[in-house]
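Visitor: I would like a close look at one part of this model, namely the way its helices pack against one another. Please set the whole chain out before turning to the details.

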Amino acid sequence: MLDAPVRKIFASPLDPVAVAMTRAGIGASTITLVGFMMGLAAVAFIISEQYAGALFFLALNRVCDILDGMIARVKGPTAIGGFLDATLDVLIYAMIPFAFAMARQQDALAATFLLLGFVVAAVPVLAVRIFSPQRSWDDDFVLCGHTENFVLVVLICIAERWTFTPLAYFYGSLCFLSCGISIVSAMGKLRTAARP
């Protein structure tokens, strides 16, 4: 829901960086892989309960996620680039709840529910791209996207430890709602696209 507005906000300051990287021959997939490494670093910091470091690297992961899309639009998107971007994003957001479960084993059940929520919310978004690859789908029907996930992780990292369980169950439930909204919206768009 907030991904598109956030991309617009960061587009202007990051545009010169994207242009410079494109001129230097740096491809979108390279930035995607760098972002993935930043995400892995964030996961490692969460496991060790060093939340300032986790947030720093997760913020870099988000910046890379915006940058790779900007570079892809300049150079032209590729199937491999789109595949890597979608896959590695889901992997990082699947690892984050697991990292919290490792750090806070008494909260493992809530972390598992949050992990399930992240995955459930991502499934219809990815599936609609498979069944209609020729169209460019916006994510305006996604209630729980990357930006919302990022905000949740920030809240969990800076809030009191006892808030983890209620936040995980609340946001996990929102992810299930997001999945339902995405399915209904995608079916409507696919139906419209199928009409001659």
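Guide: Read from one end of the sequence to the other, the protein chain follows the pattern α-α-α-α-α-α-α, that is, seven helices and zero strands. The model is a predicted one, and every value given here is to be read with that in mind. Of the 196 residues of the protein chain, 42% count as buried, while the chain exposes about 10,300 Å², of which carbon and sulfur atoms supply 73%. Among the contacts with a separation of 6 or more, 83% are accounted for by residues 24 or more positions apart.

One helix pairing is that of H3, which covers residues 51-75, with H6; their axes come within 10 Å and cross at roughly 170 degrees. Because angles over 145 degrees count as roughly antiparallel, H3 is described as roughly antiparallel to H6. On the H3 side the contact involves Tyr51, Leu55, Leu58, Ala59, Arg62 and Asp65, and these meet His146, Thr147, Phe150, Val153, Val154, Cys157 and Ile158 of H6. Sorted by class, the residues in the contact of H3 with H6 are nine nonpolar, two polar and two charged.

Helix H6, which spans residues 146-158, also holds Leu155. With a relative accessible area of 39%, Leu155 is partly exposed, because this value falls between the 20% under which a residue is buried and the 50% over which a residue is exposed. The C-alpha atom of Leu155 is separated by 8.5 Å from that of Leu167, a residue 12 positions away along the chain.

A further pairing joins helix H4, made of residues 79-103, to helix H5, made of residues 108-131; the two axes come within 8 Å and cross at roughly 170 degrees. The crossing angle makes H4 roughly antiparallel to H5. From H4 the contact draws on Ala86, Val90, Tyr93, Ala94, Pro97 and Ala101, and from H5 on Ala108, Ala111, Leu114, Leu115, Phe118, Ala122, Leu126 and Arg129. In terms of residue class, the contact of H4 with H5 comprises 13 nonpolar residues, no polar residues and one charged residue, whereas the contact of H3 with H6 includes two polar and two charged residues beside its nine nonpolar ones.

Technical notes. Residues numbered from 1 in each chain as written. Predicted model: local features only at pLDDT ≥ 70, side-chain atom pairs only at ≥ 80, totals over all residues. Heavy atoms only, no water. Axes fitted to C-alpha atoms, helices over the stretch in contact; angles between N-to-C directions. Helix = DSSP H or I, 4+ residues; strand = E, 2+ residues; numbered from the N terminus. Parallel < 35°, antiparallel > 145°, perpendicular 65-115°, else oblique. Contact = heavy atoms within 4.5 Å. Nonpolar A, V, L, I, M, F, W, Y, C, P; charged D, E, K, R; others polar. Buried < 20%, exposed > 50% of the residue type's maximum accessible area, 1.4 Å probe, protein only. Areas by Shrake-Rupley, 256 points an atom, 1.4 Å probe, with all protein chains shown as cover.
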